[in-house]
Amino acid sequence: MRKVLTTCGYCGTGCNFYLNVEDNEIVGVTPKNDHPISKGKLCVKGWQGHSFVHHKDRLKKPLMRQSDGSFSEVSWETAYSYIGSKLKKIIKEKGSEAVGVLSSARCTNEENYLMVKFARSVLRTNNIDHCARL
Amino acid sequence: MTNSINELEDSEVIFVIGSNTTEQHPIIGMRIMNAVKKKGAKLIVADPRKIPLAEYATVYTPIKPGTNLAFINGILNVIISENLMNQEFIKSSTEGFEELRASIGKYMPEAVTSITGVPEDTIREIARLYAKAKTASIVYAMGITQHVTGTKNVGALANLALLTGQVGREATGVNPLRGQNNVQGACDMGALPDVLPGYQDLDSQAAQEKFAKLWGEGFAWGEGKSLGEMIEGAYNGEMKALFIMAENPMLSDPNLEHVKKALENLELLVVQDIFLSETAKLAHVVLPGASFMEKDGTFTNTERRVQRVRKALVPMAESKADWEILCGLMKTMGYSAEYSSPAEIMEEIRALVPSYGGITYQRLEKEGLQWPCPDINHPGTKFLHKGGFVRGLGRFTVNEYVESTQQPSEEYPFILTTGRIHHHYHTGTMTRRAWALDREHPEGYMEICPQDAKKLGLRQEGMVKVSSEIGEISIKVKITDKITPGVVFIPFHFGEAAVNKLIGQHHDPVVQIPEYKVCAVKLEGVR
Ligand code: SF4
């Protein structure tokens with residue numbers, strides 16, 4: 001069994017704990033006694049909020065909508081190049097202010113930073129926000 | 001937060017308003033209970049619902065939803081009229097006091113009582129407790145910000161701390177508790193339409209030059225559309241494409257039908273998420289992201305503490321960490337994004353964001369660091385504004401109370417307020433699929449007090465139809481004496497009884513936070 005120290009993904013308190021991992025599966029949680037905030041305690045979400053990661057409904061491959069309205073699985077390359085060319089086309093026709101991105105308070109700092117860079121530097125749009133207001 | 005979570009235990013007085021702390025931030029709630037039980041702190045709680053913390057309060061007062069601003073201004077009025085201010089602090093560290101004084105005169109307790117339902121003497125008692133304490137902390141959450149007057153509410157709380165000098169010292173301060181785990185970090189990183197990463201001004205020449213070195217000349221440095229404006233733009237056809245990472249506005253936005261039409265109007269909607277969320281169902285392309293257990297990175301908690309997130313699992317099937325997806329897309333579009341790991345992205349962040357300047361993965365290995373942490377030897381910052389404010393003086397703001405747009409009427413006689421419950425998290429995409437959590441609260445409900453339930457003939461566990469000006473839902477009844485008469489409460493985690501179908505398009509004019517906390521509704525029992 002491996003123990004991986006991490007930060008809780010549920011609320012802004014930022015408790016830390018160890019995820020106990022066996023065969024790429026979470027088998028338990030161990031609190032961290034000397035963490036300055038959680039001090040060995042966790043709430044029910046920290047203790048038990050992890051089984052979703054193995055849920056059968058997880059998305060497994062990129063999906064693209066077909067002409068009949070249904071989704072079909074596609075490769076990453078297909079998904080990337082469709083999105084890329086469509087974004088370029090829209091920006092060329094309607095300007096970069098016709099596109100926007102919404103980043104996420106659930107993602108990491110590094111991902112949020114990249115999203116901002118993607119918006120302002122790659123798409124050259126000012127339209128970037130996230131759901132903190134909600 | 002201006003101060004740190006642990007400092008709460010050393011506060012003489014803790015004033016909790018608009019935060020159901022034990023439910024939304026359980027570990028911080030516990031810390032507040034400890035402060036009361038073990039250290040004799042005095043707790044003040046103002047909330048329309050008799051929340052669990054109320055049991056520990058020296059003063060608990062119910063308050064009519066939507067009237068926080070009148071209430072806080074009432075407290076300011078008492079502090080000024082009874083001369084409980086910290087004159088020395090006002091003189092040395094603030095500006096704008098005379099304007100504040102002039103604006104606050106009319107909020108006499110007698111007047112405020114009839115607006116808020118808080119008794120005159122209670123307003124006075126709260127003012128005295130808070131102002132006279134050696135150290136007093138204010139703790140608030142979305143009960144303060146999710147109103148048409150959200151920005152003013154926050155301003156009024158800041159006035160309270162400035163007026164009494166309860167800021168810039170240990171165990172004091174104005175402490176917003178952030179809801180989602182990394183709201184603080186998303187804001188720090190500049191995922192906002194009106195600032196660059198690190199809250200640097202868009203039109204600062206120096207910042208532009210610095211960013212151009214890493215982002216290329218000609219990056220977009222104007223002010224963009226907010227989330228609400230983007231949805232509006234999609235609705236009226238101005239916006240053609242939206243790229244949404246790990247958010248589910250189809251459940252968390254007010255007025256769902258409107259949002260649905262807006263998103264369906266787009267030429268391109270890309271949604272990156274771990275499940276096929278309500279929003280993803282409308283997308284043209286859905287990209288499978290990874291959960292926080294399947295990636296490396298950092299989160300910044302509500303007290304500005306940057307901490308490591310570590311990859312415990314290989315991502316499910318072909319899903320990828322969101323940063324990898326963004327890199328892949330950037331490369332496909334012909335931009336370089338050669339980051340081998342999030343640690344490398346952090347190196348770029350620290351080069352651009354001064355308050356993260358001293359934050360490296362190596363330093364974070366041992367323990368988190370609280371920003372501002374400007375250089376590699378800086379120990380991080382426990383509380384802000386020590387020895388003065390960054391921008392010179394602390395500015396008082398004038399915040400006039402305006403009535404909520406949602407008042408009870410003959411047709412819609414009840415006030416609905418919304419929020420979270422302990423076992424679920426935001427729109428429930430994750431928690432509703434964690435069986436141990438879902439078992440406890442599998443479905444939505446509406447809280448109502450026994451008197452009102454009786455009047456309407458509603459039974460415990462029976463169904464009720466709740467309608468507002470814009471929509472209706474049916475939901476189970478939960479009768480409880482913890483809620484004020486005339487007010488009902490519905491948590492917003494449940495797709496099949498999506499309370500946001502009821503909530504209109506009113507929002508705070510400055511930051512456009514939707515008015516989630518107040519909505520006039522009509523109730524009818526369903527057989
Ligand atoms: S364990 Fe509970 S209180 Fe701690 S961060 Fe997670 S959700 Fe928040």
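**Chain B, its contacts with chain A, and the ligand site**

The secondary structure of chain B amounts to 19 helices and 19 strands. The model is a predicted one. Of the 527 residues in chain B, 64% are buried. When contacts in chain B between residues at least 6 apart in sequence are considered, 69% of them join residues at least 24 apart.

Strand 11 (305-309) of chain B is mostly covered, with five of its five residues buried. Strand 11 of chain B runs antiparallel to strand 10 (residues 297-300) of chain B, and four bridges join the two. Within this pairing, G297(B) stands opposite V309(B) of strand 11. The two strands form a hairpin with four residues between them. In the turn of that hairpin, R304(B) has a positive phi of about 70°. Strand 11 of chain B is also joined to strand 12 (residues 369-370) of chain B, again in an antiparallel arrangement, by two bridges. There, L369(B) in strand 12 is the bridge partner of V306(B).

The loop that leads from strand 11 to helix 15 (322-332) of chain B contains S319(B). The relative accessible area of S319(B) is 5%, so this residue is buried. Its side chain reaches the backbone oxygen of M316(B) at 2.6 Å. Apart from neighbours within four places in sequence, S319(B) is in contact with residues of both chains: R58(A), L59(A), K60(A) and W76(A), together with P288(B) and G289(B).

Helix 15 of chain B includes L329(B). L329(B) counts as buried because its relative accessibility is 0%. With neighbours within four places in sequence left aside, the contacts of L329(B) are Y80(A), I83(A), G84(A), F118(A) and F243(B). The C-alpha atom of L329(B) is separated by 36 Å from that of I503(B), which is 174 residues away along the chain.

On the chain A side, W76(A), which S319(B) contacts, is buried in helix 2 of chain A. Y80(A), I83(A) and G84(A), which L329(B) contacts, are likewise buried in helix 2 of chain A. The other buried residues of this helix are A79(A), K86(A), L87(A) and I90(A). Helix 2 of chain A comprises 19 residues (residues 76-94) and should span 27 Å at 1.5 Å a residue; its end C-alpha atoms are 27 Å apart, so the model agrees with the expected value. After the helix comes G95(A), with a positive phi near 90°.

A further set of contacts between the chains involves T108(A), in the loop between strand 6 (99-103) and helix 3 (109-123) of chain A. T108(A) counts as buried because its relative accessibility is 0%. Leaving aside neighbours within four places in sequence, T108(A) is in contact with N182(B), K295(B), D296(B), G297(B), T298(B) and F299(B). Of these, G297(B) is the residue that stands opposite V309(B) in strand 11 of chain B.

The ligand lies between chains A and B. The elements that give two or more residues to the shell around the ligand are helix 1 (44-48) of chain A and helix 2 (26-39) of chain B. From chain A, the residues around the ligand are C8(A), Y10(A), C11(A), T13(A), G14(A), C15(A), L42(A), C43(A), K45(A) and G46(A). From chain B, they are P26(B) and I27(B). By type, the shell divides into eight nonpolar residues, three polar and one charged.

Definitions and conventions:
Residues are numbered from 1 along each chain as its sequence is written. Chains are lettered from A and ligands numbered from 1 in the order in which they are written. This is a predicted model: local features need pLDDT of at least 70, side-chain atom pairs count only at pLDDT 80 or more; totals for chains, interfaces and linings use all residues. Side-chain values use heavy atoms; hydrogens and water are left out. A residue is near a molecule or strand if one of its heavy atoms lies within 4 Å of it. Ala, Val, Leu, Ile, Met, Phe, Trp, Tyr, Cys and Pro count as nonpolar, Asp, Glu, Lys and Arg as charged, and the others, Gly among them, as polar. The expected span of a helix is 1.5 Å times one less than its number of residues. Buried means under 20% relative accessible area, exposed over 50%, partly exposed in between (1.4 Å probe, protein chains only). A polar contact is a pair of N or O atoms within 3.5 Å; within protein, one must be able to donate a hydrogen and the other to accept it, and residues adjacent in sequence count only if both atoms are side-chain atoms. Contact means heavy atoms within 4.5 Å. Two strands pair if DSSP finds at least two bridges between them.
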